[in-house]
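Colleague: I am new to this structure and would like to understand how each description of it is reached. Could we go through the terms one by one, with the reasoning behind them?

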Amino acid sequence: MISFFEASLKQLSIHHTGNKLLEEYYKLSDAPLKIDDEVLGNLLMQYFLKPFEKVNEVYRFYHPNDNLELNEVFHFVHEIFENIELFHEDSQQLAKHLYDVANHPKIKSGELYVAYFEKVQIEGEQLDVVGVFKSETKDTYLKVYPEQDGFNVSYEQEAISINKLDKGCLIFNVDKEEGYKVVVLDQSKSSNDSAVYWKDEFLKLKIRNDSYNQTNNVLGVYKNFVTQKLDDDYEISKADKIDLLNRSMKYFKEKETFDIEEFGNEVIGNAEGIESFKNYKKNYEQEYESPIADNFEIAESAVKKQARAYKSVLKLDKNFHIYIHGNKDMIEKGYDDDKSMNFYKVYFREEE
């Protein structure tokens with residue numbers, strides 16, 4: 001969805017932010033970085049933009065008071081888009097804001113990069129972009145080079161890998177009144193305060209409620225409904241669960257639009273189960289404040305993403321895995337009294 005084959009890096013400012021709670025401070029540069037080396041410029045483009053090639057979710061800036069101007073990042077980025085002469089000054093303000101919201105002892109210090117790009121493409125449209133990135137992870141690198149009749153080795157400590165962008169966001173100069181189009185990246189693995197501050201405290205983002213998000217959400221809700229909720233209400237075998245998941249994925253791959261009534265009849269096929277799913281979906285919408293329409297266009301990219309999480313494997317002790325891809329009626333479950341063990345009987349026409 002995002003491509004940068006025609007993009008160019010026009011401005012770059014670098015600052016350092018520490019952790020306020022640990023009495024680390026921030027350090028602001030006096031001027032933007034001048035990039036005269038073409039190789040360095042290309043490496044920076046790869047470092048900043050390549051991680052976003054497979055990002056699909058689009059966010060918007062927001063503020064709890066419904067006044068976008070109170071969102072600090074929106075405010076400073078808006079100024080940059082309006083007047084590029086304010087780029088470096090506003091990059092300093094972004095660094096100060098990041099420092100102010102670093103209110104967790106596990107938040108790492110690091111460099112903050114603010115960049116201005118031209119001709120970055122999103123959803124088929126080439127736009128100017130402000131990128132905000134943070135590097136936290138440092139590595140040691142070995143460098144082998146020829147020397148006289150052999151080779152020698154040196155090293156670089158506290159270096160940054162161009163393949164490991166820790167945090168970043170791209171803000172596209174479009175849809176200003178709605179909070180711009182924003183894509184975000186955060187490689188933090190945990191869900192504690194030290195991980196969520198980038199998106200929730202610094203940027204203050206909310207997901208754009210488009211077809212991708214609708215498709216992704218309803219597939220996720222249905223998967224949780226089948227794998228978790230059904231056990232509370234019914235006695236249902238693992239094979240039946242897999243069949244329900246397979247039928248739902250088949251529906252989303254074959255249809256262009258989602259209709260909850262059609263989905264319920266074709267996939268669930270049971271009035272009580274359909275009502276249970278609708279209630280489960282409604283509870284999700286209320287808990288996460290993320291409404292899912294009963295009718296929407298299906299986004300193929302979201303289906304592909306969720307398909308990787310949909311499991312169609314029966315794991316039997318540590319001896320067998322049975323992959324169920326189609327007709328559930330071709331597999332039967334039973335119990336052998338003599339062996340005191342469960343069994344599955346599988347029907348097929350040809351062995352491949």
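Modeller: Let me begin with charge, where Lys and Arg count as positive and Asp and Glu as negative. On that basis the chain, in what is a predicted model, has 45 positive and 67 negative side chains, and the centres of the two sets lie 4 Å apart.

Colleague: What makes the chain more spread out than a compact globule?

Modeller: The chain has 9 helices and 16 strands. Its radius of gyration is 26 Å, whereas the globule rule gives 20 Å for 352 residues, and since the value is well over that figure, the chain is described as more spread out than a compact globule. Along the principal axes, the C-alpha trace spans about 80 × 65 × 40 Å.

Colleague: Why is the pair of Phe 48 and Phe 117 called edge-to-face?

Modeller: A pair of aromatic rings is described by the distance of the centres and the angle of the planes. Rings pair if their centres lie within 6.5 Å, and planes over 60 degrees apart count as edge-to-face. For Phe 48 and Phe 117 the centres are 6.4 Å apart and the planes make an angle of 70°, so the pair meets both conditions. This pair links distant parts of the chain, with Phe 48 in helix α1 and Phe 117 in strand β4, 69 residues apart.

Colleague: How do you know that Phe 48 is buried?

Modeller: Buried means under 20% relative accessible area, and Phe 48 has 0%, so it is called buried. Phe 117, also at 0% relative accessibility, counts as buried by that cut-off.

Colleague: Why, then, is the pair of Phe 258 and Phe 263 called tilted?

Modeller: Planes under 30 degrees apart would be stacked and those over 60 edge-to-face, with the rest tilted; the 50° between the planes of Phe 258 and Phe 263 falls between these limits, and therefore the pair is tilted, at 5.4 Å centre to centre. Both residues are buried, and they belong to one aromatic cluster whose members include Tyr 222, Tyr 251 and Phe 296.

Colleague: What makes Lys 119 partly exposed?

Modeller: Lys 119, which lies in strand β4, has a relative accessible area of 43%. Since buried requires under 20% and exposed over 50%, Lys 119 is placed in between, as partly exposed. Although Lys 119 is not a glycine, it has a positive phi of about 60°.

Note on methods:
Residues are numbered from 1 along each chain as its sequence is written. Side-chain values use heavy atoms; hydrogens and water are left out. Helices (H or I, at least four residues) and strands (E, at least two) are DSSP runs, numbered from the N terminus. The radius of gyration is taken over C-alpha atoms; the globule rule is 2.2 Å times the number of residues to the power 0.38. The place of a charge is taken as NZ of Lys, CZ of Arg, CG of Asp or CD of Glu. Rings of Phe, Tyr and Trp (its six-membered ring) pair if their centres lie within 6.5 Å; planes under 30 degrees apart count as stacked, over 60 as edge-to-face and the rest as tilted. Buried means under 20% relative accessible area, exposed over 50%, partly exposed in between (1.4 Å probe, protein chains only).
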